[in-house]
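Hi,

Here is the structure I promised to pass on. Have a look at it first, and my notes come after.

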Amino acid sequence: MSHQLLPVSPSAASIHQLFEGLKEHAPEQRKLSVKARVKRLDALYAEVWRRRDDLKRAMWDDFQKPPQEVDLTEIFVLKQEIKAIKKGLKTWARPQRVPGGLSLIGSSSWIRPEAKGVVLIVSPWNYPMQLLFRPLVAAIAAGCTVMLKPSEYTAHTAQVLAEIVEAVFDPREVALVQGGVETATELLQLPFNHMFFTGSPDVGKIVMAAAAKIPCSVTLELGGKSPVIIDPSANIKASAKRIAWAKLSNAGQICVAPDYILVHESKRDELVEALKQAMDALYPNADSIAQDYQRIVHPRHAERIQGLITDAKERGAQVVQGGEVDVQGCEVAPTLLVDVPVDSQILQEEIFGPVLPIVTWKEPEEAIAFIRARPTPLALYLYGKKRSLTRRFIEEISSGGVSINNSVIHVSSTDLPFGGLGSSGIGSSNGVYGFREFTHYRGMYAQRWAGFGPALMPPYTQRKSRLIDIVLRWL
Ligand code: NAD
């Protein structure tokens with residue numbers, strides 16, 4: 001297979017040309033057998049595996065992502081996704097007969113899963129391969145042709161991803177364009193059949209507005225503030241270890257990172273000590289900070305996080321761990337804040353960095369009210385052993401997903417839907433849920449013999465009126 005790699009920020013004309021190729025080829029792609037789709041998924045993984053070292057190098061150059069974490073959170077996650085899809089695809093793609101009911105006697109009905117057509121996948125930088133290729137795998141499984149746009153912030157990785165796509169796919173099946181906002185804006189003008197966007201809530205609204213003009217369906221995997229509630233029955237030491245890991249991996253640049261903690265006031269001091277220890281244990285010295293601790297993707301983001309810390313401090317918050325920011329070096333120390341005033345910016349906007357504000361509560365309703373006063377979170381983390389309290393929090397607080405006594409790890413399950421609600425997103429991904437986003441469930445009906453139909457059509461004689469009455473009463 002050969003097609004030319006597009007230069008960074010391609011022209012509108014070349015984007016249109018790629019789109020036309022995908023559109024023309026979509027009816028053929030839709031007809032691909034399950035076997036042919038699986039072959040493509042295998043080829044994609046084989047190429048990713050072949051380029052494993054290049055991916056590690058690129059992600060190090062982009063934001064000093066530790067190579068071990070490239071293996072675990074990018075390559076392994078993709079492998080699991082492909083495995084789950086290969087296992088289920090035959091069943092998911094099969095037409096499914098459904099009962100028509102007595103009123104439709106004489107007919108048969110079935111659902112035919114069909115590819116939506118040409119789809120757009122736009123991804124952010126924080127997991128630059130996973131968040132582009134995981135939806136790609138679902139779209140290929142569904143039989144779509146795909147336009148990909150990775151983030152401009154992780155340009156080294158985007159280049160390797162472009163080369164992988166070029167090596168595996170015919171550009172009429174999958175095309176990748178690099179570039180920033182300008183390129184994304186150009187793409188959003190095109191009449192796609194579905195748009196799958198992962199990124200910030202603000203840009204999610206722009207994508208949805210563009211989709212409304214076509215119109216086409218959207219999947220919006222967005223972000224927000226995912227709270228942690230710690231009740232008095234929690235094992236504080238064990239909870240702190242899990243929260244510290246979840247908050248500091250990727251330097252807090254995870255859509256489901258614990259954004260802030262709501263801890264029962266009786267446990268606050270114990271928690272602060274346990275978190276300090278857990279953070280120090282993860283990154284015990286300068287060497288481990290240099291090798292294992294990720295950088296913030298861009299000075300602009302480091303500066304934004306610095307601004308959040310400064311604002312909180314100015315309003316009276318106490319820094320009990322960390323607080324140092326090297327904007328040009330893109331390094332933010334693991335930071336804990338207490339006594340954070342509710343009107344601080346850090347309790348209003350998504351942090352997306354390694355800073356953890358801690359707020360206390362006395363009664364469960366205070367914690368519930370605090371979260372309900374903010375947009376619906378992507379994840380809700382509940383730490384505690386008292387089941388009745390956990391159940392109450394689940395029932396009274398909405399969120400995209402819930403994880404009990406752990407954080408972040410739930411998103412790796414290929415059996416759980418992953419997605420938000422309200423401002424944290426629309427639709428889901430992972431396993432069959434991702435497949436469904438790219439699939440149109442076509443309702444199929446065939447009249448086999450006359451059935452009741454003619455007996456219920458005009459002219460409405462007395463006999464027919466009686467029959468209608470029977471239908472209403474008994475069917
Ligand atoms: P972003 O919204 O700034 O960018 C995401 C993508 O949108 C990029 O490819 C970018 O080029 C493009 N884009 C930016 N501005 C655009 C515009 N005006 N019009 C069209 N496209 C535009 O997000 P980011 O900074 O890359 O990532 C961080 C955000 O993503 C956080 O809010 C985080 O919570 C969220 N996120 C969500 C998930 C999830 O699965 N729910 C996963 C990762 C990140």
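Below is what turned up around the ligand, in the cavity and in the cores.

Keep in mind that this is a predicted model.

Let's start with the ligand. There are 28 residues around it, and the ones that come nearest are Ser123, Glu152, Ser200, Leu222 and Glu350. Two of these glutamates reach ligand oxygens through their side chains: a polar side-chain atom of Glu152 is 2.7 Å from one oxygen atom of the ligand, and a side-chain N or O atom of Glu350 is 2.6 Å from an oxygen atom of the ligand. Gly199 uses its backbone instead, with an N or O atom 3.3 Å from a ligand oxygen.

Glu350 comes up again in the cavity. The count gives one cavity of 30 Å³ or more, with a volume of about 40 Å³. Besides Glu350, its lining includes Lys247, Asp259, Gly224, Gly252, Cys255 and Phe352. Sorted by class, the lining has five nonpolar, three charged and two polar residues.

Now the cores. The largest nonpolar core has 68 residues, and Ile229, Ile230, Val256, Ile261 and Leu275 touch the most other members. A second core, of 47 residues, lies apart from it and includes Val119, Met129, Leu136 and Phe352. Phe352 is thus a name to look for twice, as a member of that core and in the cavity lining.

And what does Val256 contact beyond its neighbours within four places in sequence? The list is Ser226, Leu378, Ala379, Tyr381, Val408, Val411 and Phe418.

Cheers

Key:
Residues are numbered from 1 along each chain as its sequence is written. This is a predicted model: local features need pLDDT of at least 70, side-chain atom pairs count only at pLDDT 80 or more; totals for chains, interfaces and linings use all residues. Side-chain values use heavy atoms; hydrogens and water are left out. A nonpolar core is a set of buried Ala, Val, Leu, Ile, Met, Phe, Trp, Tyr and Cys residues joined through side-chain atoms within 4.5 Å. Buried means under 20% relative accessible area, exposed over 50%, partly exposed in between (1.4 Å probe, protein chains only). Contact means heavy atoms within 4.5 Å. On a 1 Å grid over the protein atoms alone, a cavity is a set of points where a 1.4 Å probe fits but cannot get out, and a pocket is an open set with protein on both sides within 12 Å along at least five of seven lines; lining residues have an atom within 4 Å of a point. Grid points are joined across faces, edges and corners, and a volume is the space filled by probe spheres set on the points. Ala, Val, Leu, Ile, Met, Phe, Trp, Tyr, Cys and Pro count as nonpolar, Asp, Glu, Lys and Arg as charged, and the others, Gly among them, as polar. A residue is near a molecule or strand if one of its heavy atoms lies within 4 Å of it. A polar contact is a pair of N or O atoms within 3.5 Å; within protein, one must be able to donate a hydrogen and the other to accept it, and residues adjacent in sequence count only if both atoms are side-chain atoms.
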